[in-house]
Amino acid sequence: MKKILVIHGPNLQLLGQREPGVYGTVTLAQINAQLKKLAAKKKVRLTILQSNIEGALVDALGKSKGRFDGILINPAAYTHTSVAIRDAIAACGVPAIEVHLSNTHAREQFRHISLISPVARGTIMGFGPQSYYLGLEALIGILS
Ligand code: DQA
């Protein structure tokens, strides 16, 4: 059974109440429940982590080699700032797919740059929670 690490970055624990005009009203718990449902159907095992702490995400990525076959990550605000998370993804060598709820290119200039995209296998953005579900399918696709 393939093992997938799902990482949610900072402030995503607030989904559902956080800027609903941008991020919608679906909660992180609901997204995780749907991801688990899809994973069960596709017979993959998910481990899900949310943290607001950059170092916790770097630690998890650093331990991922040998433990996980793939990574689904929404690095949230760290997308635009974190060389450490980018380097951790590059270093671990585990294929990672980057997802975003919003279309960051249609938003403020500072969100147009992703430090993560160059080390991700692909990026899916702009489809709300569906970005995660499409990302999981794509990841399973490249792992099988
Ligand atoms: C986000 C986009 C980021 O720019 C933002 O900082 C987030 C969420 C998204 O999923 O749309 O926190 O990653």
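Here a colleague and a modeller talk through how to read a predicted model of a single chain.

Colleague: Let's start with the overall layout. How many helices and strands does the chain have, and what pattern do they follow along the sequence?

Modeller: Begin by listing the elements and their order. This is a predicted model, and its chain has five helices and five strands. From start to end they run β-α-α-β-α-β-α-β-β-α. The radius of gyration is 14 Å against 15 Å from the globule rule for 144 residues, so the chain is as compact as a globular protein of that length. The C-alpha trace spans about 40 × 30 × 25 Å along its principal axes.

Colleague: What share of the residues is buried?

Modeller: For that, take the residues under the 20% relative accessibility cut-off. They come to 46% of the 144 residues in the chain. The accessible surface is about 7100 Å², with 54% of that area belonging to carbon and sulfur atoms.

Colleague: And what share of the contacts is between residues 24 or more positions apart?

Modeller: Counting contacts with a separation of 6 or more, residues 24 or more positions apart make up 78%.

Colleague: How do I check the length of helix 5?

Modeller: Compare the expected span with the end-to-end distance. Helix 5 covers residues 130-143, and its 14 residues at 1.5 Å each should span 20 Å; the end C-alpha atoms are 20 Å apart, so the two agree.

Colleague: Which residues of helix 5 are buried, and what do they pack against?

Modeller: The buried ones are Ser131, Tyr132, Tyr133, Gly135, Leu136, Leu139, Ile140 and Leu143. They pack against strand 1 (2-8), strand 2 (44-50), strand 3 (70-74), strand 4 (96-100) and strand 5 (122-125), as well as helix 2 (28-42).

Colleague: Now a single residue. Is Val99 buried or exposed?

Modeller: Look at its relative accessible area: at 0%, Val99 counts as buried. It sits in strand 4. Leaving out neighbours within four places in sequence, Val99 is in contact with Leu72, Ile73, Asn74, Pro75 and Ile124, plus Ser131, Tyr132 and Gly135. Those last three are among the buried residues of helix 5.

Colleague: What about loops? Where does Thr104 lie, and which residues does it touch?

Modeller: Thr104 is in the loop between strand 4 and strand 5, and at 5% relative accessibility it is buried. Setting aside residues up to four places away, Thr104 touches His80, Arg111, His112 and Met125.

Colleague: Last one: how are the charges set out?

Modeller: Count each sign, then compare the centres. The chain carries 16 positive and 8 negative side chains, and the centres of the two sets are 11 Å apart.

Note on methods: Residues numbered from 1 in each chain as written. Predicted model: local features only at pLDDT ≥ 70, side-chain atom pairs only at ≥ 80, totals over all residues. Heavy atoms only, no water. Helix = DSSP H or I, 4+ residues; strand = E, 2+ residues; numbered from the N terminus. Rg over C-alpha atoms; globule rule 2.2 N^0.38 Å. Buried < 20%, exposed > 50% of the residue type's maximum accessible area, 1.4 Å probe, protein only. Contact = heavy atoms within 4.5 Å. Areas by Shrake-Rupley, 256 points an atom, 1.4 Å probe, with all protein chains shown as cover. Lys, Arg positive; Asp, Glu negative; His and termini not counted. Charge placed at Lys NZ, Arg CZ, Asp CG, Glu CD. Expected span 1.5 Å × (residues − 1).
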